[in-house]
Amino acid sequence: MSIRPLTRYEIPHLQAIDSNFESDRFLDVIKTIDGFNATWQLVERPLDPPFVSTDYDISDDELQEITARVKKNDGLYLVVEEGNKIIGLLDMARQAWRNAAFIWNIAIDRAYRGRGLGSQLIDHAIRWAGEHHLRAIALETQTNNWPACSFYRKHGFQVCGLDDHFYSNEDVAVKEVALFWWYEIR
């Protein structure tokens, strides 16, 4: 397996990556509002039955957004390849306005997880951000994607915020709240 830069010609092939996941836990968002006093608490809870995603793959709209970012060439765009098959992606763009990078997509095909490939992509991302004198890397995931939350925490990312209306008006009720993560570059 190799990790190398993504070319624009390969972008349509990214849809072949199976990005779906299964989660037996989630982070429950407990929200308390009293005027301007608002608190949110995250509590790990079991999911019974487990959440199984079926539509977590890269959409046509996302392909267009990735194409625009790669064309701009102000970020780190890597693929993991086995033979001639793309099995992983890191899509990270610089956000100059805040001197940080944002990971739009990081994915390893389900059949290839657990081999350290995602960790290698994160290592590349951290190294690139440091070499470009950025202050941090940010990203977003969902409270019901326990594997991703555990992965980011294991690699030193910290939850820095949430948006309980990011996907719909029922995010808390459906146990899918947007979590924002931050990795400070030392």
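A nonpolar core, as I shall use the term, is a set of buried Ala, Val, Leu, Ile, Met, Phe, Trp, Tyr and Cys residues joined through side-chain atoms within 4.5 Å. Good morning, colleagues. The structure before you is a predicted model, and I begin with its largest nonpolar core.

That core has 30 residues. Those that touch the most other members are Leu90, Met92, Ile103, Ile137, Tyr152, Phe157 and Trp181. Two or more residues each come from strands S4, S5, S6, S7 and S9 and from helices H2 and H3. Strand S9 covers residues 178–184. Helix H2 provides the largest share, six residues. As a general remark, nonpolar side chains in soluble globular proteins tend to be buried together.

Let me turn to strand S4, one of the contributors to this core. Is S4 mostly covered or mostly uncovered? The strand spans residues 75–82, and seven of its eight residues are buried. Strand S4 also has partners. Strand S1, residues 2–5, runs antiparallel to S4 and is joined to it by four bridges. Within that pairing, Ile3 stands opposite Val80. Strand S5, residues 85–95, is likewise antiparallel to S4, and eight bridges join the two. Here Leu78 faces Leu90 of S5, and Leu90 has already been named among the core residues with the most contacts to other members. S4 and S5 make a hairpin with two residues between them. In that turn, Gly83 has a positive phi of about 65°.

A second hairpin is built from strands S2 and S3, again with two residues between them. Its turn holds Gly35, whose phi is positive, at about 65°. Strand S2 covers residues 22–34 and strand S3 residues 37–52; they pair in the antiparallel sense over twelve bridges. One facing pair is Ile30 and Gln41, the latter in S3. Strand S3 also contains Pro49, and a cis peptide bond joins Asp48 to this proline, with omega at about 5°.

I now come to the largest pocket, whose volume is about 1,200 Å³. Which residues are closest to its centre? They are Tyr56, Ile106, Asn145, Ala148 and Tyr152, out of 44 lining residues. Tyr152 was also listed among the core residues that touch the most other members. The lining draws at least two residues from each of helix H1 (60–72), strand S6 (100–108), helix H2 (117–131), strand S7 (136–142) and helix H3 (146–154). Strand S6 gives the most, with seven residues. By character, the lining divides into 20 nonpolar, twelve polar and twelve charged residues.

Next, the cysteines. How many disulfides does a search of the whole structure find? The number is zero. Cys149 is in no disulfide, and the nearest cysteine sulfur, that of Cys160, is 12 Å away. Cys160 is likewise in no disulfide, its nearest cysteine sulfur being that of Cys149. A disulfide requires two cysteine sulfur atoms within 2.5 Å, so a distance of 12 Å does not qualify. As for its surroundings, Cys149 has a relative accessible area of 3%, and therefore counts as buried.

Two residues in loops deserve a word on their backbone angles. Asn73 lies in the loop between H1 and S4. Its phi is near 60°, a positive value in a residue other than glycine. Asn73 counts as exposed because its relative accessibility is 58%, and the cut-off for that class is over 50%. His133 belongs to the loop between H2 and S7. The phi of His133 is near 55°, again positive in a residue other than glycine. With a relative accessible area of 65%, His133 is exposed.

Finally, I mention two arginines. Arg25 is placed in strand S2. Its relative accessibility is 30%, so Arg25 counts as partly exposed. The C-alpha atoms of Arg25 and Ser119 are separated by 21 Å, and these residues are 94 apart along the chain. Arg94 is found in strand S5, where, at 24% relative accessibility, this arginine too counts as partly exposed. Between the C-alpha atoms of Arg94 and Arg135, which are 41 residues apart along the chain, the separation is 11 Å.

Thank you for your attention.

Methods
Residues are numbered from 1 along each chain as its sequence is written. This is a predicted model: local features need pLDDT of at least 70, side-chain atom pairs count only at pLDDT 80 or more; totals for chains, interfaces and linings use all residues. Side-chain values use heavy atoms; hydrogens and water are left out. Buried means under 20% relative accessible area, exposed over 50%, partly exposed in between (1.4 Å probe, protein chains only). Two strands pair if DSSP finds at least two bridges between them. On a 1 Å grid over the protein atoms alone, a cavity is a set of points where a 1.4 Å probe fits but cannot get out, and a pocket is an open set with protein on both sides within 12 Å along at least five of seven lines; lining residues have an atom within 4 Å of a point. Grid points are joined across faces, edges and corners, and a volume is the space filled by probe spheres set on the points. Ala, Val, Leu, Ile, Met, Phe, Trp, Tyr, Cys and Pro count as nonpolar, Asp, Glu, Lys and Arg as charged, and the others, Gly among them, as polar.
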